[in-house]
Amino acid sequence: MGRMSLRNIWLLSHGAQRHGGDPRVRALTAPILPSSSLGRALVNLSTNHYGLPKEKTSENGRVARAKVLTIDTMNPTVKNAKYAVRGPIVARAAELERELNEGMKKPFDEVIKANIGDAHAMGQQPITFFRQALAICSYPELLNDSTFPEDAKSRAYRILQSCGGNSMGSYSASQGIDSVRQDVARYIERRDGGVPSDPDNIFLTTGACDGIMTMLKLLVCGEGPTRTGIMIPIPHYPMYSATLVELAAVQVNYYLNEEKCWSVDISELKRALDEARHYCNPRALCIVNPGNPTSQVETRQCIEDVIRFAAKERLFLMADEVYQDNVYGHGCRFHSFKTVLFEMGPEYSNTMELVSFHSTSKGYMGECGFRGGYMEVINMDDEVKAELTKLLSVRLCSPVPGQALVDLVFNPPQPGEPSYDNFIKERTAILSALEEKAKLTEQVLNTVPGISCNPVQGAMFCFPRITIPEKAMIEATEQGQQPDVFYCMKMLEEAGICVIPGSGFGQKEGTYHFRMTILPPIDKLQILLNKVKEFHQKFTQKYS
């Protein structure tokens, strides 16, 4: 029997359900095309040493060719980039895990990694509906499997119809699969109370980070005092600073107000902007809401004030909203920048340049490994938009399985569909557990003398402030470490707890913090918090 069309498989699968199965149903696969033979020219580099490193003679007399790429000859911006979330403390945590597995004795039985917002790695279970539909997308013969619900089949069928060759293994358009962008636009309209969303303004990305880095590439230009400056919050997610270093852009820091639950302060934005204009050309303002690592949820009034400020100062506004489903604080509510922008009227909604980012990695989904995400651009110049599409086309497309997950997340089961009740049950359980863990974290940490933790209003982290004794700071200096790095490394070595020092995210001079995720299961989180409490008390006693 020859290959069958997606439509025929769909029809046969439904017929099979009525008539007891059909042996002709086959998995969708595109015909294998013969690949063309491409010859490769081999260059004998040994006959031409122009531009190559000089040869060195080793101890045994043999000639050893020096490396072309060394730490001194590599791109310096890569060396200068820092990413604390996976830095030396995390590397040491991995070493400790290996040592424990090899039977080495430690003051603890396991390493608890609380350094990153990876929900599934912490034990959170996937949403059933998402995995069912993705399984069908990966293996379309499951369309004929009666154990899969009809709404999962219909979503998968629609996604596959939009894929080249009806296969998730094909490339998509660089901007993303059309039907997925349509579903994302409809989701945004529902979220924002009917504010229109144009699928042509939606770009599917490899997680939110890909979209953020792409937009920063578009924004950076100029030299010397005209070099682009990008305003980012301090503390901040270090992907921003690492990308700015890589792009040789100017990082313009504005400090969040810790005394007011890490909120954005307009007077601080003004201070940072005015100072930066003496040495660069600030062009964009980045806001992370809810915050990472600071977990604050900005009020509607704050968002409106930020929009007015950005409009007045002619700043491109970048809204990182990946934690919009993670809101727990009493009286807190997520307001999208786009909603507030359009509520402010045409003076702003017709002119203010805004890009917002979302992801499937956070929220209740926690599907970090699929790398699904999108960005929506508002009031972008048409010629720039064409250049954005070109820039995205260089990497061909974001992963199609990630695009499929984006579609499922933003077009979930609806009332009356077979998966709806279980979907709501699973989503509610995850978000309720996160809310419970957010409250527990704040409560326990605030019982420890020398630790002060703001309410965990949203996101997946806490960022408590710690008091470090002077003797500990002196020892840290002697070891060539910042005090909070010294503190966190001690916590890892003595308690088996892996957290990230606040200096990796930025903090006001003279203050010290660490970031810790609230994602572990509630019983393990309780153990983790008790270990932090016990460690801090011993650390303070030792160095007082």
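A crossing of two helices is right-handed if the near helix is turned clockwise from the far one by less than a right angle. Keep that in mind for the helix pair coming up. One caution: this is a predicted model.

First, the overall picture. The protein chain has 18 helices and 16 strands. It runs to 544 residues, and 52% of them count as buried. Now take the contacts with a separation of 6 or more. Residues 24 or more positions apart account for 70% of those.

Now the helix pair. Helix H7 covers residues 207–219, and helix H8 covers residues 239–246. Their axes come within 10 Å. They cross at roughly 35°. Which hand does the crossing of H7 and H8 have, left or right? It is right-handed. Who meets whom? From H7, the residues are Cys209, Ile212, Met213 and Leu216. From H8, they are Met239, Tyr240, Thr243 and Leu244. By type, that contact divides into 7 nonpolar residues, 1 polar and no charged.

Next, a sheet. It is open and has 3 strands. The order is E12-E16-E15, with antiparallel pairing. Which strands stand at the edges? Strand E12, 461–462, and strand E15, 500–501. Each has a single partner strand, so one side of each is left without a neighbour in the sheet. Look at E15 against strand E16, residues 514–517. The two run antiparallel and are joined by 2 bridges. Ile500 stands opposite Arg515 in E16.

On to the aromatics. How many aromatic pairs does a search of the whole structure find? The count is 16. Here are two of them.

Phe129 and Phe130 make an edge-to-face pair. Centre to centre, the rings are 6.3 Å apart, with 65° between the planes. Phe129 and Phe130 are both buried.

The other pair is Phe535 with Phe539. Their ring centres are 5.5 Å apart. Why does the pair count as tilted? Because the planes stand at 40°, and tilted covers what is neither under 30 degrees nor over 60. Both residues belong to helix H18, residues 522–543. They are 4 residues apart there, so about one helical turn separates them. Phe535 is buried, and Phe539 is buried too.

That pair has company. Phe535 and Phe539 belong to one aromatic cluster with Phe486, Tyr487, Phe514 and Tyr543. Phe514 also ties back to the sheet, since strand E16 spans residues 514–517.

Definitions and conventions: Residues numbered from 1 in each chain as written. Predicted model: local features only at pLDDT ≥ 70, side-chain atom pairs only at ≥ 80, totals over all residues. Heavy atoms only, no water. Axes fitted to C-alpha atoms, helices over the stretch in contact; angles between N-to-C directions. Contact = heavy atoms within 4.5 Å. Nonpolar A, V, L, I, M, F, W, Y, C, P; charged D, E, K, R; others polar. Pairing = 2+ DSSP bridges. Phe/Tyr/Trp six-rings, centres within 6.5 Å; stacked < 30°, edge-to-face > 60°. Buried < 20%, exposed > 50% of the residue type's maximum accessible area, 1.4 Å probe, protein only.
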